[in-house]
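Welcome! Take a moment to look at the chain below, then read on for a short guided tour.

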Amino acid sequence: MNVTRIHSMEFDTKKALKKRMKDYREKAREQFPEAELLMTIRTSPRSILAISSYPDQEAADRADAMRAKRVSTLRKATSWHMEGEVEFFDLKDETSAEKLNSSD
């Protein structure tokens with residue numbers, strides 16, 4: 001069974017969110033090597049939803065230490081998370097990932 005986590009973060013400023021996203025883009029794959037999916041969605045100028053999916057509960061649990069470490073560094077931000085199992089996922093093709101991954 002896969003485990004997918006949804007993590008919401010609300011920052012006090014746009015600048016804080018931008019800085020956090022720059023860091024995440026640079027380090028996420030290294031920090032969460034077992035993740036099968038890493039995705040962030042800007043839901044407002046100061047908030048994001050992050051989605052990560054792991055092959056099983058054990059891999060998700062191993063990622064918890066890094067997630068907790070990253071969350072502990074949040075200043076002037078609030079966050080919450082939940083988890084579940086992906087019921088459906090469809091990606092049109094590889095170029096879709098490239099298009100979605102182009103930022104700002």
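**How helix H2 begins, and what follows**

Asp56 caps the N-terminal end of helix H2, with one of its side-chain oxygens 3.3 Å from the backbone nitrogen of Glu58. Keep in mind that this is a predicted model. From this cap we can follow H2, then visit a buried glutamine, the nonpolar core and the chain as a whole.

**Helix H2**

- H2 covers residues 57–72, which makes 16 residues.
- How far apart should the ends of H2 be? At 1.5 Å a residue the helix should span 22 Å, and its end C-alpha atoms are indeed 22 Å apart, so the two values agree.
- H2 also has a kink of about 30°, and the centre of that kink is Asp64.
- Which residues of H2 are buried? They are Ala59, Ala60, Ala63 and Arg70.
- A handy rule helps when you look at such a list: an α-helix has 3.6 residues a turn, so residues three or four places apart point the same way.
- The cover over the buried residues of H2 includes strand E1 (3–11), helix H1 (14–31) and strand E3 (47–54).

**Gln31, a buried residue in H1**

- Gln31 belongs to helix H1.
- Is Gln31 buried or exposed? Its relative accessible area is 18%, and a residue counts as buried when this value is under 20%, so Gln31 is buried.
- Setting aside neighbours within four places in sequence, Gln31 is in contact with Met66 and Arg70.
- Arg70 is itself one of the buried residues of H2.

**The nonpolar core**

- The largest nonpolar core contains 16 residues, and Met9, Phe11, Phe32, Ile48 and Tyr54 have the most contacts inside it.
- E1, H1, E3 and H2 each supply at least two residues of this core.
- H1 gives the most, with four residues.
- Met9 makes contacts beyond its neighbours within four places in sequence: its partners are Arg46, Ser47, Ile48, Ala50, Leu74, Thr78 and Ser79.

**The whole chain**

- The chain has three helices and four strands, and along the sequence they follow the pattern β-α-β-β-α-β-α.
- Its radius of gyration is 14 Å, close to the 13 Å that the globule rule gives for 104 residues, so the chain is as compact as a globular protein of that length.
- Along the principal axes, the C-alpha atoms fill a box of roughly 35 × 30 × 25 Å.
- Of the 104 residues, 28% count as buried.
- Among contacts with a separation of 6 or more, 72% join residues 24 or more positions apart.

Methods. Residues numbered from 1 in each chain as written. Predicted model: local features only at pLDDT ≥ 70, side-chain atom pairs only at ≥ 80, totals over all residues. Heavy atoms only, no water. Expected span 1.5 Å × (residues − 1). Bend = angle between axes of the 7 residues up to and from the residue. Buried < 20%, exposed > 50% of the residue type's maximum accessible area, 1.4 Å probe, protein only. Contact = heavy atoms within 4.5 Å. Polar contact = N/O pair within 3.5 Å; in protein donor to acceptor, adjacent residues only side chain to side chain. Core = buried A, V, L, I, M, F, W, Y, C linked by side-chain atoms within 4.5 Å. Rg over C-alpha atoms; globule rule 2.2 N^0.38 Å.
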